Amino acid sequence: MPTSVKSKDLEETEEEAFANIGYDMTYEDCLQNFGFDKSRQSYTVKVKVSDQAIDLSGNGDCGSKNNFYFQLLFDNGSSGVVLANTQLEGDTFRTGNTESFVISTNKDYGELTGVRIIPESVMEDAQVDDKLRIDEIRIVEQSLNSFSETWVVEGASIPNEGWIGIQDYMDDAEKKTNQEEKKGRLMADIAVDLPITVHTNELNLLCCLTTDEYSENTSQFYGEMKMTVDYIQTDGTPSTETFDIVDAMYKYYNKPVQHDTDTVDQGRTATRDPAVSSTYLMFRGGHTDRFNITLRNVKSLYQATLTGQSRGDTSELSIAALSFNTIEEAGRLQLSNKDEYVRTGRTTLITSNSVVTGENAKLANTFAKGDDQKIKIGLLPNEVEVKDQGSKWLAVFSREPLSQNDTLNVYIYPTDDSVPVSQYNLQCKAEYTNVSGMPYATANMQMQKHEGTGENGDRSYFFINGLSAKGIASLDALLAVSSGGGDINAYADYAVVQQVRSGTVINTWQKNGGRGLLASGVRMITQGEKTKGLYDQQKVLLQLSDEGTQAAKLIAEKEDIAVSIRYTTTVDPTSREVYSAYKYLTDEQITRIQAGDLIEMWFNEPYVKDVTGLRIIKFGDSVQATLDGAAVVNYERASSADKEPLMNGWFSFTDKIVLMGTPTTLEAKGTMIVSENVVQPLKISFTTAKAGGFTESGTATPVRMTIGYDDVFRNLHEVTYEDIRAFITDRDVHSFNTGETQEICLLTKGMQKIRYLIIEPYTDAPQDGSYSVSDNVKAGWTIDEISAMLGENGIPVSRSLGYRITEGEPKKIHLTNLSFAITAFYYSRAIDANETRTVVDKDADFTVATDIPITFRPDLYGSDEGFTITVSRKVGDTREPVPDVVKAVNNKNTKKTEYVFTPPSNYTGTNQVYYVVFESKENNAVKVQFTVTVQSGVTVSENSAGTGDTDSSDSTSSSDSTTTSDDTGSTDSANTTEVKVN
């Protein structure tokens, strides 16, 4: 827009777009500027350098003194190549800093798709081992509107853990002798291309900086000025951004930036070309300067620091006021009656400098030539409120990236009876139809080789990544031909082709080779019978916390949550990571969320090997949610037939995060089910008893539950949930109702085995303490049965309770899988030796002669509290306890406790029946009963009574009524345990 300092109002000229006129143009039309030489667009590139001072890998610190060139890649072209160092403080990328520089274009090249980095390798002072480690790159379009489009290269998408170094270094000797060096190098040899992974918006703020009148003995400030803003992000974390506000003022005023190329700062190199202020525009006494800055995820601002350096005479710069404003409408540029450039838009004040009293009330400092000086400005308490957040503030997101610069990853598999891939080479090209319906073909490219081991399905194949296929809509065919002579017996089996856009897999095709001879050339078309892997499915589980999550109705893509998975594939030997397209909760028919929800989503990404990350973003003001953890389960299907899928991967994400309006990427912490970082579902069903008497059996009050569990190292832990009602899977049910079964589902962390539950309902007392539990009827809950299952394919465990749990008296319910294995042996007259029998979880019958003792060796697997032994005798249709007939002995050979049952002598002339019952203390349903029939007869001497190897044991007996044991079979003393007999 042309400007004039003589005009009070600068009018904007409306021009017709070239596309609206086409080829029918008048003479007046020909005089218009159709944007072929339009004003340049500027982008601020922010490179976040990792903050590790020392890296153990040998790469040193994360900063670098080497020169790095940057180039922006668009759909329809690219920017110029810019040496970033010339715009950086000290000309270097500093460890832990976010370094910013500007790249400009003079044309609209379409959507930004990537960033190219070219490390300097030809300068004499380049250090080959001095690498740069990047955590993130953000590219922000400079704009005067409310929001600026922002593109992000996430650190996870940068190869080699973010390290960028010289790609093709050669020392002087190599440069003299290497013929390839003399030929020159391709851009691909020296550059690193990084795809854009996130496209969002950032908030533009209007800053108004008012300068006090200068004293008679000081000059107007002329020089550089930066402003550092300290603020709090929406997730509560502090952040800092630094801006060149002189450069920003020029852009606000629509004036060309002035640079000082003659003066060199102390300690700075001559390559630095800083923006310096204009004395007739900026930092004039009694005037206000205006400029825009861009911040992301900003919640509140609390401090600003001006750092300047005078380029002229010494100046005392005094700041009268500083304010920050949100922009509703940018407006037109005009000259005010105060001789200041002002845009006539609408803004809202967020905050201004705080009132300061005392000696340091004046916000001022003396700026001498060549020295950096600072002015710190505190800001009033504030909170940023942004209008229309749903449509602007929080993102421009599509399920798939918007770029059309697609590439193909091609994997061609020879048949198993082909000669080894080491004996020949393979070239391929793809035929495709583009988005305009036109046929195209890629370049014919040499493929790389993967020589498989033949073990676990590791086949040999050829592959190529990044085959350019811009604007592809469908893949028509794949052409492959081998070199090495016509006698090479190599045949095409099938090929897998991935369409990739900015790191996201858009489509996957499988093409049939038809056993064509590769030496003659093979044209592969769509495969009829798919191989395994193409029908892979992934289930994503997300646990919303019962704290920090608000109930919300979802509206597709406006008030919603979107998820994408990052993974490696089984077909790519380079372990290259790719992303799935975004999927929204509303795509899964999930129309609302609430605290405690366990969300289940399904993806259909083929050939998944390892899921390495999970990317998640929320949209809209009403969606406020905290994620407790997540898991991804990968299933493999052999074909499209209706068969049970095979689970071949479990990936856990343990981080607890607040969902943001910008994507958050979770890193996988566990890649197997048996892991200390495993995240897996725990389903618990509660069957409430039917109503009895005058009370309901269910409860609508909160229920506190503690889970006791073993980790992978068999250490016991506990975790408590204050109110499990939030986790009831039926979203319309918020209590445990009488006579019904309700299920809760929790996404647990680190659990390998559930040991017990401690349950207690309690009164939900008012916060003001107007009544106490003792003043009211205590909460209670009568449970008939509990069933629990840990893991996707876990073994269910059920417990019958049949009792009431009352507030103040929590109940401990054991949930381990229990199993009795009991070996019994006794003397048998029939074989004149000991007869031994072992039973597992079932009853048994014995018939023995009178005075023949039976020895039991019980093991209760999975028990924490052991078992009891009771003995009774059948009397008619009833049973009566029998005391003093069981004693515990410690077997010195086996180091285990044995229990010897000696029936009372029977000389009645009729058989007598006894019942010996082993019963778990944790679950009375787990028991084994031995029915012992004692014959009447002649007394057998003690020396002939076979008792196995109990002759090597010491034992005593007692008159107590119950025999007990723990699960280890330990005794109360070295040789004996108390015998308690019923």
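Two strands are said to pair if DSSP finds at least two bridges between them. Helices (H or I, at least four residues) and strands (E, at least two) are DSSP runs, numbered from the N terminus.

This is a predicted model, in which local features need pLDDT of at least 70 and side-chain atom pairs count only at pLDDT 80 or more, while totals for chains, interfaces and linings use all residues. Residues are numbered from 1 along each chain as its sequence is written, and side-chain values use heavy atoms, with hydrogens and water left out.

Begin with the whole chain, which contains 7 helices and 64 strands. Of its 982 residues, 49% are buried (under 20% relative accessible area; exposed is over 50%, partly exposed in between; 1.4 Å probe, protein chains only). Among contacts (heavy atoms within 4.5 Å) with a separation of 6 or more, 73% are between residues 24 or more positions apart.

Next, select residues 492–501, which form strand S29. This strand is mostly covered, with 9 of its 10 residues buried.

Add residues 407–414, strand S22, which runs antiparallel to S29 and is joined to that strand by 8 bridges. To see one position in this pairing, display threonine 407 and its bridge partner in S29, valine 500.

Then select residues 504–512, strand S30. S30 and S29 are also antiparallel, and 8 bridges join them. Here, show valine 497 and, opposite this residue, tryptophan 509 in S30.

Finally, move to the turn of the hairpin that S29 and S30 form, with 2 residues between the strands. Select serine 502 in this turn: its phi is positive, at about 50 degrees.
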